[in-house]
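Q: I should like to learn how features are read from a structure of this kind. Could we work through an example together?

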Amino acid sequence: MKAYRPAKKRVAVSVGESVRIIRELQDLSQNELAARTGIPQATISAIENGRVRLGVERAKVLARALRCHPGVLVFPRWVLPTEAAA
């Protein structure tokens, strides 16, 4: 078997896009996420579209509702040091 080589990242994802992708992967509407978090749907839309900054506190609340680590939302472009060298 050949040595494993991770796939190269091909698309840069913004903070808002990471929120949208994770929300959609869980089949949640913006209204459902708003109900889970207490963050208004309009604010979630603005975050996803890059009109409002996510911020640490909102990231924590959204991450809890989306069952992911806040860093996944806040740092979508972060690459493991071993991947950066590849």
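Q: How many salt bridges does this predicted model contain?
A: Side chains of opposite charge can pair when their charged atoms come close. In this predicted model, the count of salt bridges comes to four.

Q: Which residues are linked in a network of salt bridges?
A: The network links Arg 20, Arg 23, Glu 24 and Glu 48. Within it, the side chains of Arg 23 and Glu 48 meet at 2.7 Å, N to O. This pair links distant parts of the chain, since Arg 23 belongs to helix 1 and Glu 48 to helix 3, with their positions 25 residues apart. Arg 23 also meets the side chain of Glu 24 in a salt bridge, here at 3.9 Å, N to O.

Q: Are Arg 23 and Glu 48 buried or exposed?
A: The term "buried" applies under 20% relative accessible area. Arg 23 has a relative accessibility of 7% and therefore counts as buried. Glu 48, at 3%, is buried as well. Glu 24, by contrast, is partly exposed, with 44% relative accessibility.

Q: What else surrounds Glu 48?
A: A contact list should leave aside the neighbours within four places in sequence, and for Glu 48 it then holds Gly 16, Glu 17, Val 19, Arg 20, Arg 23 and Gln 30. With Gln 30 there is a polar contact between the side chains, at 2.7 Å.

Q: Which salt bridge lies in helix 4?
A: Lys 60 and Glu 57 both lie in that helix, three residues apart, which is about one turn. Their side chains meet in a salt bridge of 3.5 Å, N to O. As to accessibility, Lys 60 is partly exposed at 39%, whereas Glu 57 is exposed at 54%.

Q: How does one read the buried side of a helix, and which residues of helix 1 are buried?
A: One lists the buried residues and then looks down the helix axis. In helix 1, residues 15–25, the list consists of Gly 16, Ser 18, Val 19, Ile 22 and Arg 23. Seen down the axis, these residues fall within an arc of 160°, so they line one face of helix 1.

Q: What do the buried residues of helix 1 pack against?
A: They pack against helix 2 (30–37), helix 3 (41–48), helix 4 (56–66) and helix 5 (70–74).

Q: Which residues of helix 2 are buried, and where do they lie around the axis?
A: The buried residues of helix 2 are Gln 30, Leu 33, Ala 34 and Thr 37. Their directions fall within an arc of 105° when seen down the axis, so these residues too line one face of their helix. Gln 30 has already appeared as the partner of Glu 48 in a polar contact.

Q: What covers that buried side of helix 2, and what does the face turned away from it carry?
A: The cover includes helix 1, helix 3 and helix 4. The face turned away carries the exposed residues Asn 31 and Ala 35.

Q: What does the backbone do just after helix 1 and just after helix 2?
A: Here one reads the phi angle. Just after helix 1, Asp 27 takes a positive phi of about 55°. Just after helix 2, Gly 38 likewise takes a positive phi, of about 85°.

Q: How should one read a residue outside the helices, and is Leu 54 buried or exposed?
A: One considers its place, its accessibility and its contacts. Leu 54 lies in the loop between helix 3 and helix 4. Leu 54 is buried, because its relative accessible area is 7%. Not counting residues up to four places away in sequence, Leu 54 touches Val 15, Ile 47, Ala 59, Leu 62, Leu 73 and Val 74. The C-alpha atoms of Leu 54 and Val 19 are separated by 9.4 Å, although the two residues are 35 apart along the chain.

Q: Which residues form a nonpolar patch on the surface?
A: The patch is formed by Val 74, Phe 75 and Trp 78, with about 360 Å² of accessible area together. Of these, Phe 75 is found in the loop between helix 5 and helix 6 (81–85). Its relative accessible area is 57%, so Phe 75 is exposed. Val 74 is also one of the residues that Leu 54 touches.

How values were computed:
Residues are numbered from 1 along each chain as its sequence is written. This is a predicted model: local features need pLDDT of at least 70, side-chain atom pairs count only at pLDDT 80 or more; totals for chains, interfaces and linings use all residues. Side-chain values use heavy atoms; hydrogens and water are left out. Buried means under 20% relative accessible area, exposed over 50%, partly exposed in between (1.4 Å probe, protein chains only). Helices (H or I, at least four residues) and strands (E, at least two) are DSSP runs, numbered from the N terminus. The arc is that of the directions from the helix axis to the C-beta atoms. Contact means heavy atoms within 4.5 Å. A polar contact is a pair of N or O atoms within 3.5 Å; within protein, one must be able to donate a hydrogen and the other to accept it, and residues adjacent in sequence count only if both atoms are side-chain atoms. Patches are made of residues with over 30% relative accessible area and no salt bridge: like charges are joined within 9 Å, nonpolar side chains (Val, Leu, Ile, Met, Phe, Trp, Tyr) within 5 Å. Accessible areas come from the Shrake-Rupley method with a 1.4 Å probe; for residues, only the protein chains shown count as cover.
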